[in-house]
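This report examines a single protein chain and is intended for a reader who has its sequence and structure at hand. Please look over both before reading on.

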Amino acid sequence: MASVVLKVLGITLGLFFIFVGTIKLTPSVNGDIYKEMRKTYIRNSKVFPLVKQTGWKPNPHTYRKTVGSTEIICGAMLAFLPGPLKEVANVCLLTITLNDIYAHWALDEGLDKMSPAIVFSLLLTCRLVIFLQGLAAEPKSVFDKSQLDSAAGVPDGASRVDDKKDQ
């Protein structure tokens, strides 16, 4: 059941982030939303979280393009790639959404602007928690295959085969 939930969340969230990243990079999807994103990143670059620690403030257009590209790449990884890369993409996207929540909070824009980022950060967190619960539920064997074969009396070089043809 957990694997089905992980697949559905991965594909859905991946496609969503591919779409949002594309909106941040090109006006071909919707010109008005693209212009609004450009204005938003001009405001967001002023409250970049690492400004106090490093003194460095990113260029708003580079910042927007970097976040958009990362969303597209991580969204594609989350939606289409198998294995541990999904979890790396999940953590990257979670970091981006938490940064977005921080920017809205620092600009005092209110919950109406912040709520989409909160919802998607909760979905990404739920996906990560479900994955970690699945890892914890997997049974771990103390013995490897060679130890099990030697305990069963199988000589070295041969392996134990439970085959009904031989019986």
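## The largest pocket

Which residues lie nearest the centre of the largest pocket? They are Val20, Lys24, Met37, Asp100 and Pro116, and the pocket is lined by 22 residues in total. The model discussed here is a predicted one, and the volume of its largest pocket is about 490 Å³.

Four helices each give two or more residues to the lining of this pocket: α1 (2-25), α2 (31-44), α5 (85-106) and α6 (111-137). Sorted by class, the lining has 12 nonpolar, 7 charged and 3 polar residues.

## Confidence in the model

The protein chain has an average pLDDT of 85, and 82% of the residues score at least 70. Among the elements of the chain, helix α4 (residues 60-80) has the highest mean pLDDT, 95, while helix α7 (residues 145-151) has the lowest, 56. Where pLDDT is low, the predicted coordinates should not be read in detail.

## The largest cavity

A search for cavities of 30 Å³ or more gives a count of 1. The volume of the largest cavity is about 70 Å³. Its lining consists of Tyr41, Asn44, Tyr63, Val67, Ile96, Asn99, Asp100 and Ala103. Asp100 also belongs to the residues that lie nearest the centre of the largest pocket.

Helices α2, α4 and α5 are the elements that give two or more residues to the cavity lining. The largest share, 4 residues, comes from α5. By class, the lining has 5 nonpolar, 2 polar and 1 charged residues.

## Aromatic pairs

How many aromatic pairs does the count give? The count comes to 7 aromatic pairs. In Phe16 and Phe17, the ring centres are 5.3 Å apart and the planes stand at 75°, so this pair is edge-to-face. The two residues can also be described by their accessibility. Phe17 is buried, because its relative accessibility is 3%, whereas Phe16, at 29%, is partly exposed.

The rings of Tyr41 and Tyr63 form another edge-to-face pair, because their planes meet at 80° and their centres are 5.2 Å apart. This pair links distant parts of the chain: Tyr41 belongs to helix α2 and Tyr63 to helix α4, with their positions 22 residues apart in sequence. Tyr41 is buried, with a relative accessible area of 6%, and Tyr63 is buried at 10% relative accessibility. Ring pairs also join Tyr41 and Tyr63 with Phe48 and Trp56 in a cluster. Both Tyr41 and Tyr63 appear in the lining of the largest cavity.

## Two cysteines without a disulfide

Why are Cys74 and Cys92 not counted as a disulfide? The sulfur of Cys74 has its closest cysteine sulfur in Cys92, at 4.2 Å, which is too far for a bond. A disulfide requires the two sulfur atoms to lie within 2.5 Å. For Cys92 the closest cysteine sulfur is likewise that of Cys74, at 4.2 Å, so no bond is assigned between them. The count of disulfides is accordingly 0.

The surroundings of the two residues can be stated as well. Cys74 is buried, with a relative accessible area of 6%. Cys92 is partly exposed, at 30% relative accessibility.

## His61 in helix α4

His61 is placed in helix α4, the element with the highest mean pLDDT in the chain. Is His61 buried or partly exposed? Its relative accessible area is 30%, so His61 is partly exposed. The C-alpha atoms of His61 and Ile42 are 7.5 Å apart in space, although the two residues are 19 residues apart in sequence.

## Asp108 and its backbone angle

Most residues other than glycine have a negative phi, and most peptide bonds are trans. Asp108 has a phi near 55°, a positive value in a residue other than glycine. Where does Asp108 lie? It is in the loop between α5 and α6. Asp108 counts as exposed because its relative accessibility is 69%. The helices on either side of this loop, α5 and α6, each give two or more residues to the lining of the largest pocket.

How values were computed
Residues are numbered from 1 along each chain as its sequence is written. This is a predicted model: local features need pLDDT of at least 70, side-chain atom pairs count only at pLDDT 80 or more; totals for chains, interfaces and linings use all residues. Side-chain values use heavy atoms; hydrogens and water are left out. On a 1 Å grid over the protein atoms alone, a cavity is a set of points where a 1.4 Å probe fits but cannot get out, and a pocket is an open set with protein on both sides within 12 Å along at least five of seven lines; lining residues have an atom within 4 Å of a point. Grid points are joined across faces, edges and corners, and a volume is the space filled by probe spheres set on the points. Ala, Val, Leu, Ile, Met, Phe, Trp, Tyr, Cys and Pro count as nonpolar, Asp, Glu, Lys and Arg as charged, and the others, Gly among them, as polar. pLDDT is the predictor's confidence in each residue, from 0 to 100. Buried means under 20% relative accessible area, exposed over 50%, partly exposed in between (1.4 Å probe, protein chains only). Rings of Phe, Tyr and Trp (its six-membered ring) pair if their centres lie within 6.5 Å; planes under 30 degrees apart count as stacked, over 60 as edge-to-face and the rest as tilted.
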